[in-house]
Amino acid sequence: MEISLNFEANVAKMKIEGSMTSENAHIFQDKLKEVLDSDSKLLELDFSACRNISSSGIGKLLIFYKEFLNKDGEIEIVKSSPSIYELFMTIKLNQLFTINL
Amino acid sequence: MKNNPKLLLVDDNQELLELIKDFLVVEKYEVKTARSGGAALRFLSNENFDLVVSDIEMPGISGLELLKRIKTTINSDIPVILITGHLSNENVSEAIKLGVSDFVGKPFDSFYLLKQIEYQLRKNDRSKPFRHSFKSITKKSVSFEFDLEDFFSENISTLIMIHIEHLVHMNPSITNMIVMILEELIENAFIHGILDLPNEVRAMNHYQYMKYLQRIDKLKYQHRKINVDIFYEKKQRIITIEVDDHGKGFDYESLLKVEKSLIDFAETGRGLQIMKMLCDDMKFSNKGSKVLITKKL
């Protein structure tokens, strides 16, 4: 899995490529921590090149969401692969933030 | 991948069709174009194509209908990429169930489309040798036995993913969900069954957690095993997964009673909540050390 993270003004842009498994989900958590420690108010996540995500990866995202919300931050999934989109919709993550294909 | 893969582009917009065609021909693809779903079906009945790229919104036979007919009557192995300006959730789910390979949103970058085409062709090529044998299989099963050592020496997620891809041979969305269910169940069995970890250890960050695991006396846990049995019934399209960790179990009942959104959950129980959403049935026995999951595909 590869993760790129860029900051533009108060927007953090993160792209996840490959497979996020239980074994490497901590890399995602480290990147989310960088966002939390920054002045960003919006995190744009790009999952278009992400093949799959483990439940621990989703757990990291949800913990981050809660903390980011406390800082008045918002998350948007700007792009997602069909399998990630289907998964996120099935577990109703669209009730928490916007999810785009 | 063969030298000049043959593509079929379908769009009612002639100008766009020609633009994409010119770009792909330069990239050494053999390209045919169709201005309607009906024309595309006529081409597909008479010629072999390696991949189809189709717009969704077209008069007459829509991209979704074309996808359905390709998968059910032409050749279910042809990857289909759908181009779309807007898609409702229902249409996305329908397209995924029908076996769409990918979506490309409008307006799109030609290089992005090229990347998706290359990726789908490579993927399709890899699975070709197995396809015939998959068609004749009605039931399949695979079993694993994991011990503590496996968690340090094996990449369990990758191992599971390889086997599930070969077991169910479904679209990536289904495979992803099944792998996710398995990962969660095995992780749960590892925590409760093999190591019986207290909550404070589970709340540690990754690096503290790994340090903790490195320090434990492995000999003490070496006799503990996790058994995983996966059974796939192709005709009924049902997969059952049983995970038995032979441990003391855990308080699954109180966690299952909670009906809250994922974000309201404490650190423990979120995985179980996700399982509830992804499975059609989940039964625990032996105080929670054994779990049986059923999922209709």
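Q: In this predicted model, which residue of S10(B) does Asp244(B) stand opposite?
A: Strands S8(B) and S10(B) of the predicted model pair in the antiparallel sense, over seven bridges. Within S10(B), the residue that Asp244(B) stands opposite is Lys290(B).

Q: In what order do the five strands of the open sheet of chain B stand?
A: S6(B) and S7(B) pair in the antiparallel sense over nine bridges, and seven antiparallel bridges join S7(B) to S8(B). S8(B) pairs in turn with S10(B), and five bridges join S10(B), residues 290-296, to S9(B). The sheet is open, its pairing is antiparallel, and the order is S6-S7-S8-S10-S9.

Q: Which strands of chain B stand at the edges of this sheet?
A: The order of the sheet is S6-S7-S8-S10-S9. A strand at the edge has a single partner strand, so one side of it is left without a neighbour in the sheet, and this applies to strand S6 (139-147) and strand S9 (281-285) of chain B.

Q: What does the twist average from one strand to the next?
A: The sheet in question is the open one of five strands in chain B, with antiparallel pairing. From one strand to the next, its twist averages 10°.

Q: Which residue is the bridge partner of Met282(B) in S10(B)?
A: S9(B) and S10(B) run antiparallel and are joined by five bridges. In S10(B), the residue bridged to Met282(B) is Ile293(B).

Q: Which residues of S7(B) point to one face and are buried?
A: In a regular strand the side chains alternate between the two faces of the sheet. Along S7(B) they do alternate, with Lys225(B), Asn227(B), Asp229(B), Phe231(B) and Glu233(B) pointing to the face where they are not buried. The residues that point to the other face and are buried are Ile226(B), Val228(B), Ile230(B) and Tyr232(B).

Q: Which residue of S8(B) is the bridge partner of Asp229(B)?
A: Asp229(B) is among the residues of S7(B) that are not buried. S8(B) has an uncovered face made of Ile238(B), Thr240(B), Glu242(B) and Asp244(B). Phe231(B) has Thr240(B) as its bridge partner in S8(B), and the partner of Asp229(B) there is Glu242(B).

Q: Which residue in the turn between S7(B) and S8(B) has a positive phi?
A: The two strands form a hairpin with four residues between them. In that turn, the residue with a positive phi, of about 55°, is Arg237(B).

Q: At about what angle to S6(B) does helix H7 of chain B run?
A: Helix H7 (residues 156-168) lies across S6, strand S7 (225-233) and strand S8 (238-244) of chain B. Its angle to S6(B) is about 170°.

Q: Which helix gives the most to the side of chain B that touches chain A?
A: Between the chains, 30 residues of chain B are in contact with 26 residues of chain A. Helix H4, strand S5, H7, helix H8 and helix H13 of chain B each supply at least two residues of that side. By class, this side has 14 nonpolar, 11 polar and five charged residues. With nine residues, the helix that gives the most is H8(B).

Q: How many of the nine residues of helix H3 of chain A are buried?
A: The buried residues of H3(A) are Pro82(A), Ser83(A), Ile84(A), Tyr85(A), Glu86(A), Leu87(A) and Phe88(A). The helix is therefore largely enclosed by the rest of the structure, its buried residues numbering seven.

Terms used. Residues numbered from 1 in each chain as written. Chains lettered and ligands numbered in written order. Predicted model: local features only at pLDDT ≥ 70, side-chain atom pairs only at ≥ 80, totals over all residues. Pairing = 2+ DSSP bridges. Axes fitted to C-alpha atoms, helices over the stretch in contact; angles between N-to-C directions. Contact = placed C-beta atoms within 7 Å. Buried ≥ 20, exposed ≤ 12 C-beta atoms within 10 Å, placed from the backbone. Nonpolar A, V, L, I, M, F, W, Y, C, P; charged D, E, K, R; others polar.
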